[in-house]
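Trainee: I have a structure to go through. Can we take it piece by piece, with the reasoning spelled out?

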Amino acid sequence: MRLYRLGNGSALNPKKTNSSFMVFGDKANMLIDCGYNVYQKLEAEYKVNDKLKYIFITHMDDDHIGSLRALMYDLYFKHKTIPTILCCDDVYDRLKVYLEDHTGVMKNYNKEPEILFNMVSLINDRPYNIDLNNYTDFTIKTFENKHFQSGSGISMFNYATHNGISITSDTIPCENIAEEFELMTTLCKKYTMFHDYSNWNEPAMQVHACSDSIIKCYQPKMVSRLKFYHNDAIVNKKTIEF
């Protein structure tokens, strides 16, 4: 498995690609979040194709779902692919209504078949197998974070290598994330957590993490191992093998 950080931009910097990740497998790929300029970046760097079978959405902010409809149209009309969209249970109903209202699923858009996408609702901490290489080799699960609106982080575990990755999504530091870090560190031979990190200090808003809150909430050993994202920084574009 290979994970690539497609974008690292915050919501208010349109020059940066919205924070998003691609997971590449031999049989299929998965996109994590699809903000307002992610589809453009994805097409420019990789060309959208029928290997993109899964899309995981962490929450409903526009910098995480803003070009999802355009991507689904591309997959369906150009590549005859119906993606499976995954999200936590708290997001499922709102995301489904949002997609149905705007893709014409309920209106039989252009007289095409009504199903342009499938959706799966995930219960936190309940593993779900994804068929990227071999069905039993790779699992994902959602975990709670702390943000002003409903959403979740995502953890991925490769049974073949016993390596894993977590992405917190937008959050302030909290016990749920510390517990996920401890659990995954115990399970994995090699483990990386990407943690939200704000460009500004906003602890009272409960939107993003900042340096003060991270240091206060987490143990130094954990802080030293975190990789931060969602902050407009220039990042190393190398893929992570896991």
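Mentor: Yes. Keep in mind that this is a predicted model. Begin with two helices: Y39, L42 and E43 in α1 meet A70, L71 and D74 in α3.

Trainee: How do the residues of that contact divide into nonpolar, polar and charged?

Mentor: Y39, L42 and E43 come from α1, and A70, L71 and D74 come from α3. Tyr, Leu and Ala count as nonpolar, Glu and Asp as charged. The contact of α1 with α3 therefore divides into four nonpolar, no polar and two charged.

Trainee: Are α1 and α3 parallel, perpendicular or oblique to each other?

Mentor: Helix α1 spans residues 38-46 and helix α3 spans residues 68-79. Their axes are 8 Å apart, at an angle of about 40°. Roughly parallel needs an angle under 35 degrees, and roughly perpendicular starts at 65. So α1 and α3 are oblique.

Trainee: Which strands does α3 lie across?

Mentor: Take α1 as well. That helix lies across β1, β2, β3 and β4, running at about 125° to β1. Helix α3 runs at about 165° to β4. The strands that α3 lies across are β3, β4 and β5.

Trainee: Which are the edge strands of the open sheet?

Mentor: Seven strands form it, with mixed pairing, in the order β6-β5-β4-β3-β2-β1-β13. An edge strand pairs on one side only. The edge strands are β6 (118-122) and β13 (240-241).

Trainee: Which residue in β13 stands opposite L3?

Mentor: Strand β1 covers residues 2-7. β1 and β13 pair in the antiparallel sense over two bridges. Opposite L3 stands I240.

Trainee: Is V235 buried or exposed?

Mentor: V235 is found in the loop between β12 (227-229) and β13. V235 touches R5 and N8, leaving aside residues up to four places away in sequence. The cut-off for buried is under 20% relative accessible area. At 17%, V235 therefore counts as buried.

Trainee: How far apart in space are V235 and L6, C-alpha to C-alpha?

Mentor: In sequence, V235 and L6 are 229 residues apart. In space, their C-alpha to C-alpha distance is 9.8 Å.

Trainee: With which side chain does the side chain of Q149 make a polar contact?

Mentor: Q149 lies in the loop between β8 (138-143) and β9 (153-158). At 16% relative accessibility, Q149 counts as buried. Leaving out residues up to four places away in sequence, Q149 touches H59, M60, D61 and R94. The polar contact, at 2.4 Å, is with the side chain of D61.

Notes: Residues numbered from 1 in each chain as written. Predicted model: local features only at pLDDT ≥ 70, side-chain atom pairs only at ≥ 80, totals over all residues. Heavy atoms only, no water. Axes fitted to C-alpha atoms, helices over the stretch in contact; angles between N-to-C directions. Helix = DSSP H or I, 4+ residues; strand = E, 2+ residues; numbered from the N terminus. Parallel < 35°, antiparallel > 145°, perpendicular 65-115°, else oblique. Contact = heavy atoms within 4.5 Å. Buried < 20%, exposed > 50% of the residue type's maximum accessible area, 1.4 Å probe, protein only. Polar contact = N/O pair within 3.5 Å; in protein donor to acceptor, adjacent residues only side chain to side chain. Pairing = 2+ DSSP bridges.
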